[in-house]
Amino acid sequence: MEKEVDDPPVAVEIDQTGQQSYYHSQSDSKRPQTDDVSVGVTVITGYLGAGKSTLVNHILNSQHGKRIAVILNEFGEEIGVERAMINEGEGGALVEEWVELANGCICCTVKHSLVQALEQLVQMKESRLDHIIIETTGLANPAPLASVLWLDDQLESSVKLDSIITVVDAKNLPFQLNKHRDSSSFPEAFLQIAFADVVILNKVDLVSSEILEELEKEIHNINSLTNIIHSVRCEVDLSKILNCQAYDATHATHLEALLEESKSLSTRHLHDGGVRTVCICDSQQVDLDKVDSAIRNIVIPDRTMHWEFEIRIVNLLMIRGSDCNLTRQSLAVREIYDIVPARKWEGSENQMNKIVFIGHNLNEDVLLDSFRGCALTT
Ligand SMILES: Nc1nc2c(ncn2[C@@H]2O[C@H](COP(=O)(O)OP(=O)(O)OP(=O)(O)O)[C@@H](O)[C@H]2O)c(=O)[nH]1
């Protein structure tokens with residue numbers, strides 16, 4: 001298998017229209033235009049693997065009748081993988097517009113492209129949007145993004161920040177917050193809670209009620225104003241997260257204070273520079289059982305490999321014995337691992353296996369070795 005190892009995220013210019021091409025509309029769903037109304041923007045943030053894509057899927061597949069655009073912001077080699085994990089709603093969202101701001105964290109490099117993309121979306125007169133969702137990468141510091149949406153003069157009248165929703169993983173959050181306390185690791189996980197209007201405390205199926213109580217206290221210690229909602233697979237009441245118009249006077253003052261404070265923080269306090277990605281790509285079909293066992297060896301504790309901190313794996317696989325058109329995704333967040341079918345390949349897609357690792361102290365040689373022999377030889 002070939003390997004690709006990336007450097008820190010680099011901006012990729014989006015095209016002339018500011019958009020990359022996933023657009024679906026239903027002709028009977030056009031609405032009267034109400035140009036004077038700003039479109040609300042919900043920012044969905046949360047650490048790697050917390051459940052952001054699960055939440056976006058829940059929103060798009062719910063019966064709300066809204067025309068929603070989604071902007072995905074991917075990290076490093078995740079490009080294309082994230083997109084495959086979103087199942088566009090059938091009869092839920094009337095319009096979904098996808099603009100991938102590929103290979104760059106909004107907060108560092110693609111601010112300008114984001115503004116352009118937002119402007120383009122709201123100018124699409126024929127298919128007026130009700131709402132825009134931005135799903136950030138798990139490694140995004142929300143401050144610059146919030147600042148663009150809150151303060152950017154160009155955007156002032158066309159879009160407005162509705163709320164920042166932070167999804168947290170109830171199983172992994174104690175580990176992330178402990179590490180943050182001891183060594184300032186995981187600054188993003190901390191900042192994402194600090195900026196949240198709503199915290200979705202997700203994966204409550206994996207922890208006890210005592211731990212949940214503790215976590216609520218910890219979250220409120222970081223951000224006393226935030227509203228906490230418990231969830232399994234992000235199945236939350238959408239009225240609590242869309243169109244919540246979170247910024248009354250108190251919340252607006254809180255946000256402005258945070259934005260001011262984050263100006264004085266150094267990069268080290270805003271970003272975890274030790275996180276990197278390793279991507280393994282290959283165009284041969286693979287044996288699912290072998291891939292499954294290779295991934296288990298990597299993620300399950302008391303095996304030979306000990307990854308410090310965190311490892312997140314996302315992949316798309318061409319599998320023997322399954323419909324060749326089917327993309328699979330398998331996902332691991334530290335030692336929790338599952339493998340599930342995703343959407344079908346689209347006609348224009350370049351079909352290939354892509355396994356992306358995101359974490360600290362990744363040893364790419366060991367990772368490469370683990371997957372040798374998974375490709376089908378016949
Ligand atoms: N047990 C359990 N698993 C969950 C829950 N919610 C999501 N998951 C699983 O957690 C994994 C990560 O979910 P995603 O929605 O991909 O997380 P994400 O935040 O979008 O991940 P990144 O984009 O890589 O940062 C997937 O395997 C999900 O199926 C939950 O409530 N309980």
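This passage describes the fold, the confidence and two covered helices of a predicted protein model.

The structure is a predicted model, in which local features need pLDDT of at least 70, side-chain atom pairs count only at pLDDT 80 or more, and totals for chains, interfaces and linings use all residues. Residues are numbered from 1 along each chain as its sequence is written.

The protein chain has 11 helices and 14 strands (DSSP runs numbered from the N terminus, H or I of at least four residues for helices and E of at least two for strands). Of its 378 residues, 42% count as buried, that is, with 20 or more other C-beta atoms, placed from the backbone, within 10 Å of their own. Taking two residues to be in contact if their C-beta atoms, placed from the backbone, lie within 7 Å, pairs 24 or more positions apart account for 84% of the contacts with a separation of 6 or more.

Confidence varies along the protein chain. The mean pLDDT (the predictor's confidence in each residue, from 0 to 100) is 72, and 60% of the residues score at least 70. Among the elements, strand β8 (residues 198-202) has the highest mean, 97, and strand β2 (residues 22-24) the lowest, 26. Over residues 1-35 the pLDDT stays under 50, and the model has 69 contacts beyond four places in sequence for them. Residues 91-95 also stay under 50, with 22 such contacts. For the complex, the predictor gives an ipTM of 0.98 and a pTM of 0.74.

Two helices deserve a look for their burial. Helix α4 (residues 142-151) is largely enclosed by the rest of the structure, because seven of its 10 residues are buried; these are Pro-142, Ala-143, Leu-145, Ala-146, Ser-147, Val-148 and Leu-149. Helix α6 (residues 187-194) is mostly covered, with six of its eight residues buried: Glu-188, Ala-189, Phe-190, Leu-191, Gln-192 and Ile-193.

Helix α4 also packs against helix α8 (residues 249-263), at an angle of about 125° and with the axes 10 Å apart. Here axes are lines fitted to C-alpha atoms, for helices over the stretch in contact, and angles run from 0 to 180 degrees between N-to-C directions. The angle makes α4 oblique to α8 (neither under 35 degrees, over 145, nor 65 to 115). From α4, Ala-143, Ala-146, Ser-147 and Trp-150 meet Leu-255, Leu-258, Leu-259 and Ser-262 of α8. The residues of this contact divide into six nonpolar, two polar and no charged (Ala, Val, Leu, Ile, Met, Phe, Trp, Tyr, Cys and Pro count as nonpolar, Asp, Glu, Lys and Arg as charged, and the others, Gly among them, as polar).

Terms used
A residue is buried if 20 or more other C-beta atoms lie within 10 Å of its own, exposed if 12 or fewer, and partly exposed in between; C-beta atoms are placed from the backbone.
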